[in-house]
Amino acid sequence: MRRSLAISGGLLLAAWLLATGAVAQTGGSEGLSPTLSAIKSSHTVRLGYRESSPPFSFLDQSGRPIGYSLELCEAIVEEIGIEVDDPDLKIDYVKVTSDDRIDAVLQNKIDLECGSTTANAERGKRVAFSPLMFVAGTKLMVPKASGVRQLADLKGKTIVVTKGTTNEQAIQAADKKFSLGLNIVTGADHEQSYQTLVDGKADAFATDDILLSGLIARHKAQDKFRVTGDYLSYDPYGIMFRKGEPQLSAVVERAFRKLGSSRDLVPLYNKWFTARLPTGERLNVPISLQLEEAFKAMDDSASANN
């Protein structure tokens, strides 16, 4: 029941962030908001991507950015093209990390951040988010032979987190609340944090459960590591973009509603979470009831309202 209430509250928060992500600020040429005006002038949309957040945003064998979040962003780019009357917009892929992704949005280095970013109230004061695209939560990755089952089992031990993540905040808060005396070390990205665990420099790696599963699958390490523990945080994901542009917010939501109304959101989810990935691995993570309901809310088709 507690988990259910937390999820319901999180869904309401995500909806609130979407509704309040834009305070009137329009301008630019031809009545377009600043971001859309710049896109129209440059004929380019800059998408921030992550190198090691499978299946949301990662690199294929040739080093090309791919993933669930990037496909959602590409759908938004199509909608932006309609809004600015330019169907041939180019995409510029810009690498970001968990630590610099918010600044990349704020400092106008990217237009959309297409990774695995939690939409929470604190971040909602600085940036805007798309409708909900995934629901995750902080768990632990530990060696299979480890006796660790919960965070409390790590008392006095070393845990690695990725710098600039909500997971880092969750572990710090739990450490203080339960006086665990954890030695908390940070990795620059999820791959580095994973390698810290592999090298035996940490007893556990804490981040969102789906990212842990993705890393285990990507490294074919099912016989070496497992995901364990209760949820230590609730993390609703969204595409991040600049706050204060109602026109851009409307375009982003319209892209999601088109995908929802054409019944493309669930198949897109299944492509990245249940089917075999382009890199060969399979996560086998079926869609949650909460996310499925969120996707149904994006369906504006006549049949959905009958």
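The exercises below, each with a worked solution, deal with a predicted model of one protein chain.

**Exercise 1. The chain as a whole**

Task: State how many helices and strands the chain has, and what share of its residues is buried.

Solution: Begin with the secondary structure: the chain contains 11 helices and 15 strands. Next take burial, for which a residue must have under 20% relative accessible area. Of the 306 residues in the chain, 53% are buried. Last, turn to contacts with a separation of 6 or more: 77% of them are between residues 24 or more positions apart.

**Exercise 2. The crossing of α7 and α8**

Task: Describe how helices α7 and α8 are placed relative to each other, and name the residues that meet.

Solution: First locate the helices: α7 covers residues 190–198, and α8 covers residues 209–218. Their axes come within 11 Å and cross at roughly 70°. Angles of 65 to 115 degrees count as roughly perpendicular, and α7 is therefore roughly perpendicular to α8. The crossing of the two helices is right-handed.

Then look at the residues. From α7 come H190, E191 and Y194, and from α8 come L211, L215 and R218. Sorted by type, the residues of this contact are 3 nonpolar, 1 polar and 2 charged.

**Exercise 3. The surroundings of α8**

Task: Decide whether α8 is largely enclosed or open, and list its buried residues.

Solution: Count the buried positions: 8 of the 10 residues of α8 are buried, so the helix is largely enclosed by the rest of the structure. The buried residues are D209, I210, L211, L212, G214, L215, I216 and A217. Two of these names, L211 and L215, also appear in the contact with α7. Just after the helix, K220 has a positive phi of about 50°.

**Exercise 4. Two salt bridges of α3**

Task: For the salt bridges E71 with K271 and K258 with E79, find where each partner lies and how accessible each is.

Solution: The structure has 14 salt bridges. Start with E71 and K271, whose closest N and O atoms are 2.3 Å apart. E71 sits in helix α3 (residues 68–83) and K271 in helix α10 (residues 265–273), and the two are 200 residues apart. Both partners are partly exposed: E71 has a relative accessible area of 23%, and K271 has 41%.

Continue with K258 and E79, where the N to O distance is 2.9 Å. K258 belongs to helix α9 (residues 246–261) and E79 to α3, so this bridge ties together parts 179 residues apart in sequence. Here the partners differ in burial: K258 is partly exposed at 44% relative accessibility, whereas E79 is buried at 4%.

**Exercise 5. A bridge from a loop, and a network**

Task: Locate R126 and D103, give their accessibility, and then name the residues joined in one network by shared salt-bridge partners.

Solution: In the salt bridge of R126 with D103, the closest N and O atoms are 3.7 Å apart. R126 lies in the loop between α5 (121–124) and β7 (127–129), while D103 lies in helix α4 (residues 101–106), 23 residues apart. R126 is partly exposed at 42% relative accessibility, and D103 is partly exposed at 32%.

For the network, look for salt bridges that share partners: these join E79, E83, R254 and K258. E79 and K258 in this network are the pair bridged in Exercise 4.

Conventions
Residues are numbered from 1 along each chain as its sequence is written. This is a predicted model: local features need pLDDT of at least 70, side-chain atom pairs count only at pLDDT 80 or more; totals for chains, interfaces and linings use all residues. Side-chain values use heavy atoms; hydrogens and water are left out. Axes are lines fitted to C-alpha atoms, for helices over the stretch in contact, and angles run from 0 to 180 degrees between N-to-C directions. Helices (H or I, at least four residues) and strands (E, at least two) are DSSP runs, numbered from the N terminus. Angles under 35 degrees count as roughly parallel, over 145 as roughly antiparallel, 65 to 115 as roughly perpendicular and the rest as oblique. A crossing is left-handed if the near helix is turned anticlockwise from the far one by less than a right angle, and right-handed if clockwise. Contact means heavy atoms within 4.5 Å. Ala, Val, Leu, Ile, Met, Phe, Trp, Tyr, Cys and Pro count as nonpolar, Asp, Glu, Lys and Arg as charged, and the others, Gly among them, as polar. A salt bridge is a side-chain nitrogen of Lys or Arg within 4 Å of a carboxyl oxygen of Asp or Glu. Buried means under 20% relative accessible area, exposed over 50%, partly exposed in between (1.4 Å probe, protein chains only).
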